[in-house]
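Colleague: I have the file open and would like to go through it with you. Could we begin with the surface and then work inward?

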Amino acid sequence: MIKSMTGFGRGEYQDEKRNIIAEIKSVNHRYSDINIKMPRRYSFAEDKVKAKIKENIKRGKIDCSIMVENLAESDVNIKLNKDVAGQYLASILELKEVAKVDGEVTLEYLASLPDVIKAIPDVEDEEEITKAILKAVEEASKNLEDMRAIEGEKLKDDLLAKGDVIKGYLDHIEERAPLVPKAYAEKLKTRIDELLNGSVQVPEDRIMLEAAIFADKCAIDEEITRLNSHLKQLKLILDSADETVGKKLDFLVQEMNREANTIGSKANDIEITNLMLQIKAEIEKVREQVQNIE
C-alpha cells in the first residue's frame, strides 16, 4: 500500500496533572526531515519523539508541534529572586535622589517588576512526562498515517489511470511504426519520378535499399518494448505491499521519459511525434504525482 507524504494528524493526552496536544503535519521531501517544536523544558523528550515518529514515517518533511497545558500545582515552584529585587530597589532609590522627586516604593510595585517573582515549572519525573508526551504523539502519528494512506490510495488510482492513457497512446504508435518505412519508400519513389520526369529509370531495389536504411534509422521497436515494460513495472510497484516506493517510482519515471525522448527523436513521423508529445505530457503528470509518494 502506497502512502502520500502529505497529511496532518492531531493527538491529545490528558491526566490529572497536564493536558498535552501534539500536531504533526507532513509534506513531500526527498529525505526524512523531522522538526520538533516543544517547550524547552521538555527538550529531554525530543529524541524519543523523533524515534516514535520514525516508526511509521520513513520519508518527508515532518513538523511536529507539542503543547503542554493546565499544569498542576505540583508542577510549579514560585521563586523569589532577591538579587534582582535588591537591584530594582537600589536603582529606584537612586533615581529618586537624582530626579529630586518624592514617592514610596510599595511592596506590590516591587513584586510586579519583571523576574522578581517567577513561576518556574518543576519537572521532576522525566520518564513519566516523556511517556505522556509520547502517547499524544502516537495518536497524532496514527491519525497522520490514516490520512496519508487515504491520499496514497487516491494517488495510486490516478497513476494507474495515467498509465492506461500512456499505454493507449503507445499502442497507436506501435500500430503506426511499421507503416512509416513503407510511406517513406512511396514518397521517395514519387519524388524521384517528379524530379527525373521519367527520363531515367531508378532500379526498384535501389529505392528499397534507401527505404531499408531509413527504416533502420527510425526503428523504435526496442524503445516501445522497454516503455511497455516500464508501464507493467509501474503497476507492479503500485500494487506491491511495500509502503516506501517513492524513490523506485521516481527512477522508473526517469527511464520512461528517456524512452519517450528516444522514440520522439527517431520516429521521423508527424503522427508518431504528436502521439509522443501526448505521452510525454502524461509522464510529466506522473512525475509530479510521484513526488508526493513516500
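Modeller: Certainly; a surface patch here is made of residues with over 30% relative accessible area and no salt bridge, nonpolar side chains being joined within 5 Å. Please keep in mind that this is a predicted model.

Colleague: Which residues form a nonpolar patch on the surface?

Modeller: The patch consists of I78, L80 and I117, and together these residues have about 310 Å² of accessible area.

Colleague: Where is L80 placed, and is L80 buried or exposed?

Modeller: L80 belongs to strand β5, which covers residues 76–80. Its relative accessibility is 54%, so L80 counts as exposed, the cut-off being over 50%.

Colleague: Moving inward, which residues touch the most other members of the largest nonpolar core?

Modeller: That core has 31 residues, and I173, L249, I263, I272 and I279 are the ones that touch the most other members. At least two core residues come from each of α4 (126–176), α7 (221–239), α8 (246–266) and α9 (270–290). Helix α9 gives the largest share, with seven residues.

Colleague: What is I263 in contact with, leaving aside its neighbours within four places in sequence?

Modeller: I263 contacts L170, I220, E223, I224, L227, I272 and M276. Another core, of 23 residues, lies apart from the largest one; M38, I62, A136 and L144 are among its members.

Colleague: I62 is in strand β4, I see. Which residues make up the covered face of that strand?

Modeller: In β4 (residues 60–69), the covered face holds G60, I62, C64, I66 and V68. The uncovered face holds K61, D63, S65, M67 and E69.

Colleague: Why do the two faces take turns along the sequence?

Modeller: In a regular strand, side chains alternate between the two faces of the sheet.

Colleague: Which strands pair with β4, and in what sense?

Modeller: Strand β2 (residues 19–27) pairs with β4 in the antiparallel sense, over nine bridges. Strand β3 (residues 32–37) pairs with β4 in the parallel sense, over six bridges. Within these pairings, I24 stands opposite C64, and I34 has I62 as its bridge partner.

Colleague: Changing topic to charges: how many salt bridges does a search of the whole structure find?

Modeller: The search finds 26. One of them is in β4, on the uncovered face, where K61 and D63 are found: the closest N and O atoms of K61 and D63 are 3.5 Å apart. K61 is partly exposed because its relative accessibility is 27%, and D63 is also partly exposed, with 26%.

Colleague: What about D239 and K156?

Modeller: D239 and K156 form a salt bridge whose closest N and O atoms are 3.1 Å apart. This pair links distant parts of the chain, since D239 is in helix α7 and K156 is in helix α4, 83 residues apart.

Colleague: Is each partner buried or exposed?

Modeller: D239 is exposed, with a relative accessible area of 52%, whereas K156 is buried, with 16%.

Colleague: And how far apart are the closest N and O atoms of E284 and R287?

Modeller: They are 2.7 Å apart in that salt bridge. Both residues lie in helix α9, three residues apart, about one turn of the helix. E284 is partly exposed at 32% relative accessibility, and R287 is partly exposed at 33%.

Colleague: Finally, which residues are joined into one network by salt bridges that share partners?

Modeller: The network joins E222, E223, R226, E259 and K266. E223 is also one of the residues in contact with I263.

Terms used:
Residues numbered from 1 in each chain as written. Predicted model: local features only at pLDDT ≥ 70, side-chain atom pairs only at ≥ 80, totals over all residues. Heavy atoms only, no water. Patch = residues over 30% accessible without salt bridge, like charges linked within 9 Å, V, L, I, M, F, W, Y side chains within 5 Å. Areas by Shrake-Rupley, 256 points an atom, 1.4 Å probe, with all protein chains shown as cover. Salt bridge = Lys/Arg side-chain N within 4 Å of Asp/Glu carboxyl O. Helix = DSSP H or I, 4+ residues; strand = E, 2+ residues; numbered from the N terminus. Buried < 20%, exposed > 50% of the residue type's maximum accessible area, 1.4 Å probe, protein only. Core = buried A, V, L, I, M, F, W, Y, C linked by side-chain atoms within 4.5 Å. Contact = heavy atoms within 4.5 Å. Pairing = 2+ DSSP bridges.
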